[in-house]
Amino acid sequence: MPCLFVDELAQGLASSVALEHLTISNVDVSVDIFGRLCTAMRAFRLLKSLELNLCGLGNPELNLLCNFFLEDGRICQLQRLQFSNSGISSEGLRQLSNVLEHATNLTSLNLAYNSGLGSQIEASLVYLAEIFSHCPLRSLNLTMNYLNLPTSPFGSCVVIEKIRSLTGLTSLNLSFGLLTQVEQGIELAESIGCCSLLTDLRLSSCFGQHSLVTESRISERLAESLTTLRELKTLHLDSNRFGDEGLANILASLTYSSTLAELGIANTALSVDGAELIGERLASLRSLSFLNLNQNVLCAQGAARVARSLIRCQSLKRVDCRFIGLDKSAETVLQELLKGVNLIY
């Protein structure tokens, strides 16, 4: 981002004192330029939402930003903060945690795809826990931050314990968390039940690649927790090896859900043998409009079993059927069974 651009931005937005939302994406800034940007932002007295995505924020840049927020109590009015894929390190997170303890109105935090947080995992988790303690979060996104790779059980317990206390959450995304220990997965599955207001839950690739036997212990706890989520609309469980029995348990907990509209169970080790039971469970979801079955090797027989049950799901609009082992004739049969449904091959 050239200095001239920042100077023009400052001039162009100087009169926009009522600006409440600012998004800057895909720029790599130097300390000098970011300092100019923070100066320009001082005009925004009512700033409530800030997104800095793909911005390569180093510790010096974050320090400037933190000082900006502390000026004139700006941090107290901040409601939404997003730093997706912006190179935030553990030290940067420490700086943020010190500032966000004053963010008494922050309800949405997105730190997705900041792999640098995993460089000093234990410190990062402590800083995250501190943020959770001070902010009334309703939306939290920690997708792919490599925070759970160590074999030490410390890896998740601090954050999971704090998630239990975030009872106001309506949206939680911990996809690609890759929990390495079964006990961690069980703890997380149990913690979900404490967040009874959740409407959007995304746990794709969260429980690693444990065997179906150990994963079933996780699915049992998760099923119990899901029974408490009465307003759940979106659930993504892709790439967790629950298998037929685990999926059956999970879907049973959602039976006759009047709100669930989007369900992702791609690559969950669903087989031909379990297809009929899973289909029956799916058919009871009265508001389901999108279903992702991608990468479950159902083949023609299994896909047909699921489809025959889904006929009763009148709300269904779209099904992802890629890589489930269908040939052209099987695709035709499926289309005949599910007329009016958009099948993605």
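**Close-up views of a predicted model**

**View 1. Strand 2 is mostly covered, with five of its five residues buried.** We're looking at a predicted model here, so keep that in mind for every view that follows. Strand 2 has two faces, and both of them are covered. Ser-49, Glu-51 and Asn-53 sit on one side, Leu-50 and Leu-52 sit on the other, and all of these are buried. On to a neighbour: strand 2 pairs with strand 3 (residues 80-82) in the parallel sense, over three bridges. If you want a spot to look for, find Ser-49, whose bridge partner in strand 3 is Arg-80. To get from strand 2 to strand 3, the chain passes through helix 3 (residues 59-70), and this β-α-β crossover is right-handed.

**View 2. Strand 1 has one covered face and one uncovered face.** Leu-22 and Ile-24 make up the covered face. Turn to the uncovered face and you'll find His-21, Thr-23 and Ser-25. Strand 1 runs parallel to strand 2 (residues 49-53), and five bridges join the two. Thr-23 is a handy marker here, with Glu-51 as its bridge partner in strand 2. Between these two strands the chain goes through helix 2 (residues 31-41), making a β-α-β crossover that is right-handed.

**View 3. Step back a little, and the strands form an open sheet of 12 with parallel pairing.** The order is easy to remember: 1-2-3-4-5-6-7-8-9-10-11-12. Which strands are at the edges? They are strand 1 (21-25) and strand 12 (342-344), and each pairs on one side only. On average, neighbouring strands of this sheet are turned by 5° against each other, direction ignored. For the wider setting, the protein chain has 12 helices and 12 strands.

**View 4. Strand 7 (residues 200-202) and strand 8 (residues 234-236) run parallel and are joined by three bridges.** Look for two leucines here: Leu-201 has Leu-235 as its bridge partner in strand 8. Follow the chain past strand 8 and you come to the loop that leads to helix 9 (243-252), which is where Ser-239 is found. Is Ser-239 buried or exposed? Ser-239 is buried, with a relative accessible area of 18%, and the cut-off for that label is under 20%. Another serine, Ser-175, is 64 residues away from Ser-239 in sequence, yet their C-alpha atoms are 9.7 Å apart in space.

**View 5. Helix 7 (residues 182-192) is largely enclosed by the rest of the structure.** Why call it enclosed? Because eight of its 11 residues are buried. Among them are Val-182, Gln-184, Gly-185 and Ile-186. Further along, Leu-188, Ala-189, Ser-191 and Ile-192 are buried too.

**View 6. Ser-309 lies in helix 11 (residues 299-310).** This serine is buried, with a relative accessible area of 3%. What does Ser-309 touch, leaving out residues up to four places away in sequence? It touches Glu-276, Gly-279, Glu-280 and Ala-283. A general point about helices may help with this view: an α-helix has 3.6 residues a turn, so residues three or four places apart point the same way.

**View 7. Arg-318 is found in strand 11 (residues 318-320).** With 36% relative accessibility, Arg-318 counts as partly exposed. Not counting residues up to four places away in sequence, Arg-318 touches Ser-289, Phe-290 and Leu-291, along with Val-341, Asn-342 and Ile-344. Pick out Ile-344 from that group: Arg-318 and Ile-344 are 26 residues apart along the chain, and their C-alpha atoms are separated by 7.5 Å.

**View 8. Two cysteines, Cys-135 and Cys-299, round off the tour.** Cys-135 is buried, with a relative accessible area of 5%, whereas Cys-299 is partly exposed at 32%. The structure holds zero disulfides.

**View 9. Finally, the whole chain: 52% of its 345 residues are buried.** The protein chain exposes about 14,400 Å², and carbon and sulfur atoms supply 52% of that area. As for contacts with a separation of 6 or more, residues 24 or more positions apart account for 85% of them.

Note on methods:
Residues numbered from 1 in each chain as written. Predicted model: local features only at pLDDT ≥ 70, side-chain atom pairs only at ≥ 80, totals over all residues. Heavy atoms only, no water. Pairing = 2+ DSSP bridges. Helix = DSSP H or I, 4+ residues; strand = E, 2+ residues; numbered from the N terminus. Axes fitted to C-alpha atoms, helices over the stretch in contact; angles between N-to-C directions. Buried < 20%, exposed > 50% of the residue type's maximum accessible area, 1.4 Å probe, protein only. Right-handed = clockwise from strand over helix to strand, strands pointing away. Contact = heavy atoms within 4.5 Å. Areas by Shrake-Rupley, 256 points an atom, 1.4 Å probe, with all protein chains shown as cover. Disulfide = S-S within 2.5 Å.
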